[in-house]
Amino acid sequence: MTPRLNAKIAVTSLIVVAIAFAATVGLVRWVLSREYRAPERSDQAQLTPRTQALADEAAAKAKADREKPYQEESYRKFPMVGSRVAVWVLAQLHLLFAAFVLAVPLFALIIEFIGWLNRDERYDELAHEFTKLLSVSFSLTATFGAFLLFMLVLLYPKFMNYLMHVFSPTFAPYVGLFFFEAFFLYTYYYGWGKFSQVTHLLLGLGLNVVGTAIMLIANSWLTFMTTPAGVSESGAVISTWAAVHNYTWMPINIHRIIANVAFGGSVAAAYAAFKFLNAKTDEERAHYDWMGYIGNFVAICAFLPLPFAGYWLASEIYAYSQTLGLTMMGGAFSWLFIIQAVLIGNLFLGANYYLWLGMGRVQASERFQGYIKFLLILIALCFAVWATPRSIIATVSETRAMGGGAHPQLGYFGVMSAKNTAVNLLILTTYVSFLLYRRSGRTPTVSWAKLGNALQFAIAFLAGATVLFLGIYGYFVEAKVRIGLSVPQVSSVLFAMIAITAIDVLMYRNAKSLGEVNWGRIHPVSQYVLIFLAVTFTWLMGLMGYVRSGLRQHWHVYGVMRDTSVDAFTPTLGFATRVVSVTVLLFFLLIGFVFWLASLSDHKPGHAKEHA
Amino acid sequence: MRVPVGLRILLLIVGATSFYTLVGQLVPQKEVQPPKETELKKEMTADELTKAGKDIMEGKGLCTTCHTFGKSGALRFPDLAGIGARAATRRPGHSDVQYLAESIYDPNVFIVPGFNPGMPVINKPPIGLSDQEILAVIAYLQSQGGKVTVTLQSKVWPLEAVAADAQAKD
C-alpha cells in the first residue's frame with residue numbers, strides 16, 4: 001500500500017469513529033428522555049428514579065462525611081520500598097554521619113592536645129585538616145536527622161506519639177544542645193589560629209562534651225525500644241529517668257563512643273588515602289601517608305577494645321531478657337554473627353596487613369619481617385575459628401552422616417568458648433603487630449632491655465595461654481560457669497596490652513634510631529587497604545545497627561507496644577544485607593562529596609618535609 | 001591502559017560491598033513472622049490439647065528458643081525431655097501441675113540446680129500467653145513422660161486453685 005492510501009484509510013477511520021460516537025451519545029440521550037416519570041400531581045420538580053437515586057446517594061455521602069469520627073492513624077505507607085526500608089536507610093545514613101561528626105572532634109582534639117603539649121605544629125595542622133571534613137558532614141547529619149524525624153512522624157504516627165509521651169522531657173535539652181553543638185563546631189573550626197591555643201582547646205572540649213550529651217539523649221530513645229524500663233505494664237510512664245537509664249543505655253553509650261572513634265578514624269584515613277593516591281608531589285604523599293597512618297592508628301586503637309564493650313552490651317541484653325539474648329545469639333540472628341565474623345576477620349587482616357606494609361617505610365625494619373608469617377598464620381586460624389558456624393547448611397544425607405546439624409569436630413568451633421578465644425587471640429596478635437611496627441627502626445638503650453623484652457614476652461605468652469586454657473575449660477563446665485569465663489579472658493588480654501605498653505614506653509625512652517621513617521614511601525596497595533577498612537567498618541556498623549534494632553522482632557517497644565504493621569516480620573538476612581549495602585554505597589557517595597568539598601579549600605602542606 | 005584512581009576506588013567500594021552482600025546471601029535465609037494464635041476449643045481431647053500445647057511452645061511461647069528436648073551436655077537451660085515424669089518430684093509438696101504452673105507463672109521461685117535464673121514470666125508481655133494457652137502448654141509438658149490431667153477447664157494458678165480444683169473433681 002502506498003503512503004497516500006494509508007493516509008486516506010486513517011482519515012476515513014477517524015470520520016467513522018466520530019460518527020459512531022455521536023450516534024451512541026444521541027441514542028443514550030433519547031433513551032433517557034423516554035424514561036418513566038410519575039404523573040404530575042404537585043408543583044415539586046419532577047425527578048426520574050435515577051436522578052433521585054443519585055441525589056440520595058450524594059446526600060448520604062454528605063451526611064457520612066459530616067459525621068465521620070476522627071481516627072488516629074497507626075501507620076501510613078511509603079511507596080515502592082515500604083515504610084520500614086525507607087526509615088531504615090534514613091536512620092542508618094543519619095547514624096553514619098552522626099558517628100563521623102562525633103568521632104572526628106574527639107580525635108582531632110586529642111591530636112591538637114598532643115601538638116600543644118609537644119609544641120609541635122604538625123599535629124595542630126593535622127587536627128585542623130581532620131576538622132575540614134566536619135562542617136559539611138554536620139549539615140548532612142542534621143538534614144538526615146530532620147528527614148528521619150519527619151518520616152517517622154509521617155509513617156509511624158502512633159508509635160511516635162507513644163515515644164513522645166515517654167520522652168517529651170528530653171526533647172528541649174536535645175534541641176538546646178544542638179544549638180551549642182553548632183556554636184562550638186563552627187567556632188572550633190573557623191577559630192583555628194584566631195584564639196589562644198588553650199581557648200581553642202577548650203572550644204574543642206566543649207564540642208566533644210555537647211556532642212556526647214546529644215548522643216546520650218538519642219541513645220536513651222533507641223535503647224528504651226529494646227529494653228524498656230520506667231513504664232507500667234500498659235506502657236504508662238512511671239519514671240522518665242528510669243526510661244532513659246534502661247538496661248542497655250550505658251553499654252550502648254560506651255560501645256557507640258568507641259565504635260564512632262574507630263569508624264571516624266577509618267573514614268578519615270580513607271580521606272588521606274584518597275588524597276595520597278591523587279597526590280602530585282612526594283611532599284603531598286608524605287603528608288597524606290602520615291595522615292592516613294594516624295587515622296588508621298586511631299581506628300585500630302578504638303577497634304581493639306570494641307569487642308569487650310560488645311560483651312558488656314550483650315550481657316546486659318541477656319540480663320534484661322534471656323529470651324531476647326537467645327534470639328540474638330541462638331535464634332533468628334545467630335547467622336548474622338557469622339557475617340559479622342567475616343567482617344571483623346577482614347578488619348583484623350586489613351589492619352595487620354597495613355601495618356606490615358608500613359614497615360616498608362621504616363629503615364632497618366627487616367629484622368621484624370620474619371615474624372609476619374607467624375602472625376598471619378595465627379590471624380588466619382583465629383579468623384577460621386570465628387567464622388565457623390555451629391550448625392552447617394547440609395543435605396539430609398550429609399546431616400545423617402554428621403549425626404546432627406553440627407559437624408562432629410568442626411562443630412566445637414561454633415560455640416561461644418571458641419569464639420571468645422579466637423577474638424581475644426586476634427586482638428593480642430594485632431597488638432603484637434603494632435608493637436613490632438612501633439619498634440621498627442629503633443633499638444632500646446636502657447640497661448634492662450633484655451629483661452624488659454623477656455618480661456614482655458612472658459606477659460604476652462601467659463595472656464595467650466590463659467585465653468586458650470579458659471576457652472578449652474569452657475567445654476567441660478556447666479553453663480553458668482562458662483558464661484563467666486569470658487571476663488578473665490578479656491581481663492588477661494587487657495592487662496597484657498596495658499602492661500606491655502607501659503614496659504615498652506619506658507624501655508624505648510631515648511631509644512637509638514637505626515634509620516629514618518620515609519613517609520610517603522609505602523606501596524600504593526596500602527592506601528586501598530585503608531579504603532577497604534573504611535568500607536568494612538561502615539558495613540559492620542550497618543549490620544550491627546540492624547541486629548540491635550531487629551532484635552525486637554514484632555515489637556516497636558519490646559513487650560510494651562507491638563508492631564502491627566505489614567512490616568512486623570523479621571526479614572531474611574539476605575534482604576537485610578542488601579539494604580545495608582545500599583546504605584553503605586549511598587554513604588560513600590555522599591562522603592565522596594564531602595571529600596571533594598574539603599579538597600576545594602586545600603593548601604599545600606607546609607610541614608610535610610618535617611614528616612619525611 | 002591505566003585505570004584512573006577514582007574508578008579504582010569506586011570499583012573497590014562496590015566490590016567490597018558486593019562481597020559482603022554475597023556473604024549475606026550464602027547464610028540460611030529465614031523470614032520470621034509474628035507468632036500465630038493457636039485455636040483452642042473447650043471440647044478439645046487430651047491429644048488435641050497436647051498438640052496445641054506443642055504448637056504454642058514452638059511458636060508464640062518461644063519456649064524452644066531456650067529449652068531443648070532430648071539434648072544433653074553443657075546446656076544453658078534445662079532440657080524438657082521426660083519433664084512430665086520429673087515434675088512431681090522436683091518440689092516437695094508440689095504436684096506435677098503445681099510445679100509446672102509455678103515454673104511458668106512465677107519462674108524464679110525455684111531454679112533447677114546447675115542453672116542460672118533467666119526464665120521470663122510467661123503470662124506477661126512480651127510473650128503474654130493466656131491462661132488457656134498455658135493450660136495447653138502444661139498438657140504438652142505432662143505428656144513428656146507423664147499423664148495428661150489438665151483440661152481447658154482446669155484452674156492451675158494461683159497454686160491454691162490447683163488443690164481446690166482437685167477437691168472439686170473428687
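Helices are DSSP runs of H or I with at least four residues, numbered from the N terminus. The exercises below concern a predicted model.

**Exercise 1. The nonpolar patch**

Determine which helix gives the most to the nonpolar patch on the surface, and with how many residues.

Solution. Begin with the members of the patch: A:Leu585, B:Leu7, B:Leu10, B:Leu11 and B:Val14. Together they have about 420 Å² of accessible area. Next, assign the members to elements: helix α1 of chain B, residues 5–26, gives the most, with four residues. Finally, take one member as an example. B:Leu7 lies in helix α1 of chain B, and its relative accessibility is 41%, so it counts as partly exposed. That class lies between the limits of 20% and 50%.

**Exercise 2. The span and bend of helix α14**

Establish what span helix α14 of chain A should have at 1.5 Å a residue, and compare it with the distance between its end C-alpha atoms.

Solution. The helix covers residues 366–386 of chain A, which are 21 residues. The expected span is 1.5 Å times one less than the number of residues, and therefore helix α14 should span 30 Å. The end C-alpha atoms are 31 Å apart, in agreement with that value. A further step concerns the axis: α14(A) bends by about 30° at A:Ile372.

**Exercise 3. The packing of helix α14**

Identify the elements against which the buried residues of α14(A) pack.

Solution. First list the buried residues of the helix: A:Phe368, A:Ile372, A:Leu375, A:Ile379, A:Cys382, A:Phe383, A:Val385 and A:Trp386. A:Ile372 is thus both one of the buried residues and the site of the bend. The buried residues pack against two helices of chain A, α13 (336–358) and α16 (416–439).

**Exercise 4. Residues in the two partner helices**

Classify A:Thr430 as buried or exposed, and do likewise for A:Gly345.

Solution. A:Thr430 is found in helix α16 of chain A. Its relative accessibility is 1%, so A:Thr430 counts as buried, the limit being under 20%. Not counting residues up to four places away in sequence, A:Thr430 touches A:Ile300, A:Leu304, A:Phe348 and A:Asn352. A:Glu181, by contrast, is 249 residues from A:Thr430 in sequence and 36 Å away in space, C-alpha to C-alpha.

A:Gly345 lies in helix α13 of chain A. At 0% relative accessibility, A:Gly345 counts as buried. A:Leu304, one of the residues that A:Thr430 touches, is 41 residues from A:Gly345 in sequence and 12 Å from it in space, C-alpha to C-alpha.

**Exercise 5. Backbone geometry in loops**

Locate the cis peptide bond that joins B:Pro125 and B:Pro126 and the one that joins B:Trp157 and B:Pro158; then place A:Arg119 and A:Gln553.

Solution. For the bond between B:Pro125 and B:Pro126, omega is about 10°. B:Pro126 lies in the loop between α5 (96–105) and α6 (131–142) of chain B. For the bond between B:Trp157 and B:Pro158, omega is about 0°, and B:Pro158 lies in the loop between α6 and α7 (159–169) of chain B.

Turning to phi, A:Arg119 has a positive value of about 50° although it is not a glycine. This residue occupies the loop between α3 (83–118) and α4 (121–131) of chain A. A:Arg119 is exposed, because its relative accessible area is 66% and the class requires over 50%. A:Gln553, likewise not a glycine, has a positive phi of about 50°; its place is in the loop between α20 (525–550) and β3 (555–557) of chain A.

Notes:
Residues are numbered from 1 along each chain as its sequence is written. Chains are lettered from A and ligands numbered from 1 in the order in which they are written. This is a predicted model: local features need pLDDT of at least 70, side-chain atom pairs count only at pLDDT 80 or more; totals for chains, interfaces and linings use all residues. Side-chain values use heavy atoms; hydrogens and water are left out. The bend at a residue is the angle between axes fitted to the seven residues ending there and the seven starting there. Buried means under 20% relative accessible area, exposed over 50%, partly exposed in between (1.4 Å probe, protein chains only). Contact means heavy atoms within 4.5 Å. Patches are made of residues with over 30% relative accessible area and no salt bridge: like charges are joined within 9 Å, nonpolar side chains (Val, Leu, Ile, Met, Phe, Trp, Tyr) within 5 Å. Accessible areas come from the Shrake-Rupley method with a 1.4 Å probe; for residues, only the protein chains shown count as cover. A salt bridge is a side-chain nitrogen of Lys or Arg within 4 Å of a carboxyl oxygen of Asp or Glu.
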